[in-house]
Amino acid sequence: MNRFLLPAITIFVLFFSVACGPASSGAATASDSSTTYIENKGSDTIVNLALAWAERYQAEHAEARISVTGGGSGTGIAALINGTVDIANASRKIKEEEIAEAQANGVEPMEHIIARDAIAVIVNPENPVRELTLKQISDIYSGKISNWTEVGGENRPIVRLSRETNSGTHVYFLETVLRLGNSEDKTLFSMDTLLLPSSEGIVAEVRQNPNAIGYDGLGYVPKDLKMIAIAKAAGEAYVLPSIPTVNDKTYPIARDLYMYTDGEPKGIVKEYLDWIMGLEAQEIVAELGFVPASLTPSD
Amino acid sequence: MEKSLNWHEFVITRLIKASGYSAILFVALIFIFLVREGVPTFLETELSSLLSIRWYPIEEYFGILPLITGSLIVTLGATLVAVPFGIGTAVYISEIAPRWMREILKPLVELLGGLPSVVLGFLGILVLSPYLRLLLDLPTGLTAFTGSLLLGGIAVPTVVSVAEDALDAVPRAYREGAWALGATRWQTIWRVTFPAARSGVLTAVMLGIGRAIGETMTVMMVTGNAPVLALKLGSLFAPVRTMTATIAAEMGEVAGGSTHYHVLFFIGMVLFLISLGVNVAASSVVFRAKKRAERILS
């Protein structure tokens, strides 16, 4: 579905900027000569955020033209390596072999952490369970635990909900929670895990089913559902996901979101990235349900 | 004048002929495309992997048995709902209802057939599945049974519409003959009208099954999509994953030309063959029934 949506949004944004840019600036004559383009491509997780930023930035800077496309983190990084984009979006760190490939092409990827994304584990408010360790969540999803009594709840079967396998969140959850970050681990989701095609599907089922457990991006969790406090290991503190706990890295299921540029950003790209790290752009981050990156320079 | 008429006729005949053959051509082209994209599956995965019971494509587990059984059990459930209900409605509309009632009912049923399946899916998620979970005391309401009920609802208008036409096409003389012999209304329907319309009713049932097995959106929303092998009757009340939902959910993001991509086309091929099988079975039964009827009448 995203495949058709994203180009449409891109075209819309471009059109919008062309149609409304000069009119709102009032300095149309000056902007023509100094128009600059930024090509921005990559992760589907970030694409909505990047579009919102581009839209706001273009409204304020009539001379800037930013084209945003999705396609996945790998696509974005590949485009950066080939020199076809100015900024690559990625919801994962660049791999060693990608850095090597880039250097062979004369490109020096530079990392910018532009926001963070936390995954909240959610249950029905009727469910008395309030905290779980990562290991317990892993055992629940792998099928070793299938009744809530085993983790201190009522005598109810556990209904496991997950996003579809093509979702980046699914893969992230598999690697970080189910396999506890161990790349040798070959644990899989229990076969009877329900794979729902959308975040809304998970929210709707958790809302009405006290047996259910699900996960979702922090910003997408409605107020009437209960988030689980999570400990990295038994005996450690249980932490609820929130903007402060994600930023001080005490909440264990959170990842950084990145933008990569070729070397130190220059000119308009630098201005744009500086603006992204500023207060206004980071407020958009919070509005869209991501966690703002700390305002101090991240590296 | 006569010559130009012939010329017109020539073109029109050819056009009609071409549109007749085009259906066959399109089906053949679709099948060739499916085969071309699906057959590399056999080169890239082993048969034992395809026939395993785990479907987890991002880690190269390509067991399609859970998907096939998932589709079959949902379709079976939907058939059990749609056939009695659909045929009952058709008999009522065609044979029993007074004329004014009939004129209200028929368009209403057809309106139901035009309902977008995504709307039914939403109803399923928000209303039917919570209700079924409480009523039947299930762990979750997102089950094959929920999908069956909704698919049954989707297939009913198809069944009613075609079956009603078939019943309507039975000559009035048949019924009058039965009444003249002193048959009750029930006897007339059950012993005379219904057998006379049998081939049409069977077509209705097959079209209904075809509608159910191919439906995607609703099942993707309400059946839970867990790729579990569904072999027991109890599986009807557990989550399943159908072939259509798998293709719809995964095709959008899969890399073109990868093993996963080929396996998805292979699943499409299996789905196509199942539909073809249902249709061939139906027409052979209808054909045999016709032969027999002709023998008796002659």
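A residue is termed buried if 20 or more other C-beta atoms lie within 10 Å of its own, exposed if 12 or fewer do, and partly exposed in between, with C-beta atoms placed from the backbone. Helices (H or I, at least four residues) and strands (E, at least two) are DSSP runs numbered from the N terminus.

The model is predicted: local features need pLDDT of at least 70, side-chain atom pairs count only at pLDDT 80 or more, and totals for chains, interfaces and linings use all residues. Residues are numbered from 1 along each chain as its sequence is written, while chains are lettered from A and ligands numbered from 1 in the order in which they are written.

**Exercise 1. Strand S4 of chain A**

Task: Determine how many residues of S4(A) are buried, and identify the strands with which S4(A) pairs.

Solution.
Step 1. S4(A) spans residues 109-123, and eleven of its 15 residues are buried.
Step 2. Two strands pair if DSSP finds at least two bridges between them. By this criterion S4(A) is antiparallel to S11(A) (residues 254-262), with nine bridges; within this pairing, Pro109(A) has Asp262(A) as its bridge partner.
Step 3. Five bridges link S4(A) to S8(A) (residues 212-217), again in the antiparallel sense, and Val121(A) is set opposite Tyr215(A) there.
Step 4. S12(A) (residues 291-292) is joined to S4(A) by two bridges, antiparallel, with Arg116(A) partnered by Val291(A).
Step 5. Two bridges also connect S4(A) with S9(A) (residues 226-227), which runs antiparallel to it; Val123(A) lies opposite Lys226(A).

**Exercise 2. Strand S6 of chain A**

Task: Establish why S6(A) is described as largely enclosed, and place S6(A) among its partners.

Solution.
Step 1. Five of the five residues of S6(A) (residues 159-163) are buried, so the strand is largely enclosed by the rest of the structure.
Step 2. The burial applies to both faces: one side carries Val159(A), Leu161(A) and Arg163(A), the other Arg160(A) and Ser162(A).
Step 3. S6(A) runs parallel to S8(A) over two bridges, Val159(A) being partnered by Ala212(A).
Step 4. With S7(A) (residues 194-196), S6(A) forms three bridges, also parallel; Leu161(A) is partnered by Leu194(A).
Step 5. S6(A), H7(A) (residues 168-178) and S7(A) form a right-handed β-α-β unit. Right-handed signifies that, with the strands pointing away from the viewer, the path from the first strand over the helix to the second runs clockwise.

**Exercise 3. Positive phi outside glycine**

Task: Locate Leu180(A) and Glu60(B), and classify the exposure of Leu180(A) and of Glu60(B).

Solution.
Step 1. Most residues other than glycine have a negative phi.
Step 2. Leu180(A), not a glycine, has a positive phi of about 50 degrees and belongs to the loop between H7 and S7 of chain A. It counts as partly exposed because it has 16 C-beta neighbours inside 10 Å.
Step 3. Glu60(B), likewise not a glycine, has a positive phi of about 65 degrees. Its loop lies between S1 (55-56) and S2 (61-62) of chain B. Glu60(B) has 12 C-beta neighbours inside 10 Å and therefore counts as exposed.

**Exercise 4. The contact between chains A and B**

Task: Describe the side of chain A that touches chain B.

Solution.
Step 1. The contact, defined by C-beta atoms placed from the backbone and lying within 7 Å, takes 24 residues from chain A and 24 residues from chain B.
Step 2. On the chain A side, H1 (2-25), S7 and H8 (199-208) each supply at least two residues, and H8(A) gives the most, with four residues.
Step 3. This side comprises twelve nonpolar, eight polar and four charged residues, where Ala, Val, Leu, Ile, Met, Phe, Trp, Tyr, Cys and Pro count as nonpolar, Asp, Glu, Lys and Arg as charged, and the others, Gly among them, as polar.

How values were computed
Two residues are in contact if their C-beta atoms, placed from the backbone, lie within 7 Å.
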